[in-house]
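The exercises below are to be worked with the sequence and the coordinates at hand. Each one gives a task and then a solution in steps.

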Amino acid sequence: MVNGVPHEVDAGRDDPVVDVLRDGLGLTGTKAVCRTGVCGACTIAVDGTPQASCLLPCAAVEGRALTTAEGLDHPVQRAFAAHDGLQCGYCTPGFVVEAAAFVDAWRAENGDVTPPREEIAAALAGHLCRCGAYAGIYAAVAASCRGEHDTDTPAPVRVEAMEKITGRARYTTDVRLDGQLEGVIIRSAQAHARVTSVEVDGVPVVDLLPEDRIVRYAGQPIAAVAAATRREAQAIAESARIGYEPFPAALDDGPDAPPVYDEQSRKNARSSSEGMTVPGGWDGNVRGPFSGASKRAGKAATLIDEARRRDDPLLVTGAFSTAVQVHTPLEPHACVARWDERGDLHLHLSTQTLAMAAEQAAKRWKLDESRVHVVAEHVGGGFGAKSGITVESVAAVELARAYGAPVRVVFSRAEELTDAGSRPGSKTNIALLADDKGELAALAIDVRGRGGVSIGSASASLARLVYGKAPRRLRDYDVVTNEPPGTPFRGPGAPPLLWALEQAVDEMAHRLGEDPIVLRRRWDGNPKRHALYERALELPVWRDRPRSGSRTGRFRRGVGVAVANWIYLVATATQVELEVEGDVIVARTATQDIGTGVRSVIAGVLREELGLPAERIRVEIGSSATVPGPPALGSRSTTSVAPAARDAARRLLAQGLTHGAKVVGRRRGDRGGYVTPFSVQGMSIGRGFSGAVHVTEVEVDTRLGTIRPLSVWGGITAGRIYAERPARNQCEGGIIQGIGYALYEERHIDPVTGTVLTANLEDYRIPGIGDTPEMTIHFHQEGWDHVNGGGVGLGEVSTVGVAASVANAVHNATGWRPHDLPIRPDRLLQGLAP
């Protein structure tokens, strides 16, 4: 019995139930993410008890009653919608099934009372949300336990909330076309080699190698094959015979490492930035330095050298490192490709860049753009990794042509954790000098980014944009290795920089005997962020913090602060089309929602401008077959699409809301124009910086070396907030990802073979609901009057400084300053050892 209906299926006794539900019965609300029982996205109820269906064999459910999210009708679903307990929604059905069972059991035993947070966390401990929507999930479960949503049907915070909560939302991994085959990528077992032959018996093979036939990391795509099922395709791929001419591999960043690129192949090195790789020369595997962002670099170097010679106590120096952080969205990279009878190309694609993907596909396969049709109805997270046409798309398109049938290519979790994207690791040397008045006198930062075979991990350059106009020498290097490529990740370059810089500023405050927030306020020339400093200074948790290192005993609490800014980016070509269909206004634009709530932003603007109820507005996004929309990169979606929606609404009002009326609104320029008069990937840089201040409280267990974040106050200055709860959810999720970066996330590579060892969600640890602190978000909305619409993006700035605030809190608690990230228990215990 599945959702009350009897079914008989043709399946093997050991086939996982998740596959039978998805492929046999079409119930795609149950998601296959980790396949190791770690993430909870595949959770179903078996005779009322939640279980991970990826580990459940078919034989175990014969004759039993199964309930999936599609068959659930429970108050907890309405609570998730009302309290915004979701972002991208890919993990949501599994959470909902587990939460419903917990709520029923809690109320039966305790009545309609709120459970302690630790009870909710324990019940949902087997579930992961990479977006970090845990605060809304806590609120939804608590409200359900109080019986608040037993009968009411509150308006969902997000337009698409109930689709995601009930499992009806259709992601690329859920697409199944008639005659569809499953594609699998054959990957390199060598970290560095020339591929001399690829032999596969009985099926067409699609070549995915570069022109020089050289693989430069273990896991690099070599070829692709397809079959009726993924299991069959995987068996074919595993039987492939690959000939290699091995080369020595650079698996560390030492000066004697063998070369990764020769002079010719360097030109094709991948970028870990958003297509804006700064210039730089090469010396073996080291590229750089790029020092173009420096300001009076010679003066800075002279001042710092003189301070070193006189052993100046107001010279703070240090070496800091960060690990590689993997994007790991729960919906893996996926593409379904189909060529139609006219030769048009149709792509279902999990992407952050819908319009860009269509443009790139047309160019790659030499088609008119009108003959490329890209659909991304729902996207299960991205965080910067799903940009443009990447290898899963190339494989699916070429396989579809070779096999004459639609082909779906979906990364496994191991592939996602190996070759789908990561934030480069880094090594930073910093020197920060204050003068005898306590003002910033000079700054020198050298950053060596380690993005595998990628270049462009610029971090030091971002220090040009903070803390006034003091002389500064800023040098960025890339050290390439035979490891998987880095890619842009939520605020590219900023977290490694702030990890070092914000700890150095904190140390300077201690040496000056000054409040760390007061020092930042004095050094910081951003007037909008000053309003955040004033708020932060009044927080009880800050006022009552201990003197650094004064605590004793096993458990020690501490409070730290860090600040951040981010560039204001905008997609100036954004348009929104409105059409009147009966009494409904339909809005369309070629953008995508990866969990940021862009549907809700558009709908909210239209409700405000047109004075219409929610049921009379429908937002249709996720298709390239309409007017241009923004990519979900660089915090530019809302600030691009909201003014265009407003412009369209006002045009429609002027024309009249008559059936068939159609208008197109555009994203007009700001007053005073843009810093860049040109556009990069459809992006312009606007005037001003968004800002953030994070105040974090932690508890350090000095016996076990663990760190527990207790509370985080996040102040954000990004101007107008269009959709308050989704914006707050974004900022809370940014805090969660920053905590993961600070405490847990670290990719490990086998030092001999180059194979990624952390290739599952057990070994690569991301934060769970139990790692979630109490969070308070404060929005300062003034100061952006020159911006069309009055607001800019906040996705990046809400996360990039969080790890540094955790480190400063650890120092406040213990007197020991972390230098290497993540702050693992072994590192903390070693640092505290006498």
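A polar contact is a pair of N or O atoms within 3.5 Å; within protein, one must be able to donate a hydrogen and the other to accept it. The model used in these exercises is predicted.

**Exercise 1. Helix α14**

Task: Find the polar contact at the start of α14, then list the buried residues of the helix and what covers them.

Solution.
- Step 1. Helix α14 spans residues 527-537.
- Step 2. At its start, a side-chain oxygen of Asn-526 comes to within 3.0 Å of the backbone nitrogen of Lys-528. The cut-off for a polar contact is 3.5 Å.
- Step 3. Buried residues are those under 20% relative accessible area. In α14 they are Lys-528, Arg-529, Leu-532, Tyr-533, Ala-536 and Leu-537.
- Step 4. The cover over these residues includes the helices α13 (516-523) and α15 (540-543). It also includes the strands β24 (555-570), β29 (684-701), β30 (706-717) and β31 (774-780).

**Exercise 2. Arg-78**

Task: Decide whether Arg-78 is buried or exposed, and find the backbone oxygens that lie by polar atoms of its side chain.

Solution.
- Step 1. Arg-78 belongs to helix α2, residues 75-82.
- Step 2. Its relative accessible area is 17%, so Arg-78 is buried.
- Step 3. A polar atom of the Arg-78 side chain lies 2.7 Å from the backbone oxygen of Asp-150. For the backbone oxygen of Asp-152, the distance to a polar atom of that side chain is 3.0 Å.
- Step 4. Beyond four places in sequence, the contacts of Arg-78 are Asp-73, His-149, Asp-150, Thr-151, Asp-152, Thr-153 and Pro-154.

**Exercise 3. Thr-353**

Task: Place Thr-353 in the chain, and state which backbone nitrogen its side chain reaches.

Solution.
- Step 1. Thr-353 sits in the loop between β16 (345-349) and α9 (354-364).
- Step 2. Thr-353 counts as buried because its relative accessibility is 0%.
- Step 3. The side chain of Thr-353 reaches the backbone nitrogen of Gly-388 at 2.6 Å.
- Step 4. With residues up to four places away left out, Thr-353 touches Lys-386, Ser-387, Gly-388, Gln-592, Pro-631 and Leu-633.

**Exercise 4. Glu-620**

Task: Classify the exposure of Glu-620 and find its side-chain polar contacts with Arg-588 and Arg-618.

Solution.
- Step 1. Glu-620 is in strand β27, residues 617-620.
- Step 2. Its relative accessibility is 30%, so Glu-620 counts as partly exposed.
- Step 3. The side chain of Glu-620 makes a polar contact of 2.9 Å with that of Arg-588. Another polar contact, of 3.0 Å, joins the side chains of Glu-620 and Arg-618.
- Step 4. Outside four places in sequence, Glu-620 is in contact with Val-586, Ala-587, Arg-588 and Thr-589. Ala-590 is 30 residues from Glu-620 along the chain, and their C-alpha atoms are separated by 8.9 Å.

**Exercise 5. The whole chain**

Task: Compare the radius of gyration with the value for a compact globule, then describe burial and contacts over the chain.

Solution.
- Step 1. For 834 residues, a compact globule would have a radius of gyration near 28 Å; the chain has 26 Å, so the two agree.
- Step 2. Along the principal axes, the C-alpha atoms fill a box of roughly 80 × 65 × 60 Å.
- Step 3. The chain holds 20 helices and 31 strands, and 61% of its residues count as buried.
- Step 4. Among contacts with a separation of 6 or more, 77% come from residues 24 or more positions apart.

Technical notes: Residues numbered from 1 in each chain as written. Predicted model: local features only at pLDDT ≥ 70, side-chain atom pairs only at ≥ 80, totals over all residues. Heavy atoms only, no water. Helix = DSSP H or I, 4+ residues; strand = E, 2+ residues; numbered from the N terminus. Buried < 20%, exposed > 50% of the residue type's maximum accessible area, 1.4 Å probe, protein only. Contact = heavy atoms within 4.5 Å. Rg over C-alpha atoms; globule rule 2.2 N^0.38 Å.
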